[in-house]
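These entries record what I looked up in the structure, from the whole chain down to a single residue.

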Amino acid sequence: MTSDSDQAQTIVRQAGELNAGSSGLDQGVSPGSAAESNVSDNVTDAKDAGSGAGNGVEARRRLKRPEMVRPFDHERVARAVRELLIGIGEDPDREGLRKTPDRVARAYQEAVEGLGRDPAEVLTTVFDEGHDEMVLVRDIDFSSLCEHHLVVFAGKAHVAYIPNEKGQITGLSKLARLVDLYARRPQVQERLTSQVADALVDVLDPRGVMVVVEAEHLCMSMRGVRKPGATTVTSAVRGQFLSPATRSEGMSLIIRGR
């Protein structure tokens with residue numbers, strides 16, 4: 001067993017090693033050196049929001065590539081549903097419930113089919129149109145699975161972007177597919193909104209992106225506070241949409257006609 005004095009010596013030794021490493025780094029970068037110049041250039045680029053949507057935002061929030069996930073295990077999910085039915089006091093072998101575990105497993109497989117998929121898969125179509133104005137697809141219906149209670153939240157997404165410096169646009173249906181890709185997994189609305197925006201920045205390199213999501217959550221409607229009809233609205237803005245005038249124009253187009 002390690003004594004208190006041994007532990008104290010270890011902590012002091014580790015602290016000394018960290019200080020030595022920090023000192024070595026300080027000695028390796030002198031004022032006016034190329035390394036210091038690169039750091040300064042990076043900071044300048046991060047503060048410049050005048051061109052691509054990634055500037056400023058890209059430095060602090062880049063799209064995470066999808067992690068590997070296990071294949072969907074239909075039999076395991078079905079067994080878990082059967083146990084759930086037993087746990088709530090039901091008879092999984094009665095007529096109405098006999099095939100329920102299999103049905104629920106198939107439903108969940110569809111509900112989480114976006115897991116592990118790369119957004120580049122759906123943003124493959126790009127057209128060189130020289131377009132430099134806003135593109136908006138609004139009222140994209142979606143449904144997702146709240147990861148806190150595994151019940152549905154559903155609503156509409158509105159996706160707008162300003163094409164990149166080359167004026168390249170993507171297929172309109174691709175924006176809807178991108179929303180579905182991130183909605184089809186255990187999710188929270190705030191993350192869903194940001195993921196759609198960051199995927200557009202990462203793949204299309206537009207000058208600006210705005211995503212607004214409106215949804216009703218069954219975890220608020222059917223349980224707990226029980227407030228059916230309450231709507232949650234989230235937004236994510238990148239690049240030129242950080243400008244109040246551009247953001248206002250986008251929002252006015254979203255709410256027009258309501």
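I first fixed the term contact, which here means heavy atoms within 4.5 Å. The model I examined is predicted.

Entry 1, the chain. I looked up the contacts between residues at least 6 apart in sequence and noted that 70% of them join residues at least 24 apart. The protein chain has 8 helices and 7 strands. Of its 258 residues, 33% count as buried. I recorded an accessible surface of about 15,700 Å², with 51% of this area belonging to carbon and sulfur atoms.

Entry 2, the sheet. I traced an open sheet of 5 strands with mixed pairing, in the order β5-β2-β3-β6-β7. β5 (186-187) and β7 (232-239) stand at the edges with a single partner strand each, so one side of each has no neighbour in the sheet. I then turned to the pair formed by β2 (residues 135-146) and β3 (residues 152-162), which is antiparallel and spans 9 bridges. Within this pair, I140 stands opposite A157 in β3.

Entry 3, the helices on the sheet. I found helix α6 (residues 189-204) packed on the sheet, where α6 touches β2, β3, β5, β6 (208-217) and β7. The direction of α6 makes about 25° with that of β7. Helix α8 (residues 244-255) also packs on the sheet, touching β2, β3, β6 and β7. For α8 I noted an angle of about 40° with the direction of β6.

Entry 4, the surface. Which residues make the nonpolar surface patch of about 250 Å²? I identified V152, L218 and M222. V152 is found in strand β3. V152 counts as partly exposed because its relative accessibility is 37%, and the partly exposed class lies between 20% and 50%.

Conventions. Residues numbered from 1 in each chain as written. Predicted model: local features only at pLDDT ≥ 70, side-chain atom pairs only at ≥ 80, totals over all residues. Heavy atoms only, no water. Pairing = 2+ DSSP bridges. Helix = DSSP H or I, 4+ residues; strand = E, 2+ residues; numbered from the N terminus. Axes fitted to C-alpha atoms, helices over the stretch in contact; angles between N-to-C directions. Patch = residues over 30% accessible without salt bridge, like charges linked within 9 Å, V, L, I, M, F, W, Y side chains within 5 Å. Areas by Shrake-Rupley, 256 points an atom, 1.4 Å probe, with all protein chains shown as cover. Salt bridge = Lys/Arg side-chain N within 4 Å of Asp/Glu carboxyl O. Buried < 20%, exposed > 50% of the residue type's maximum accessible area, 1.4 Å probe, protein only.
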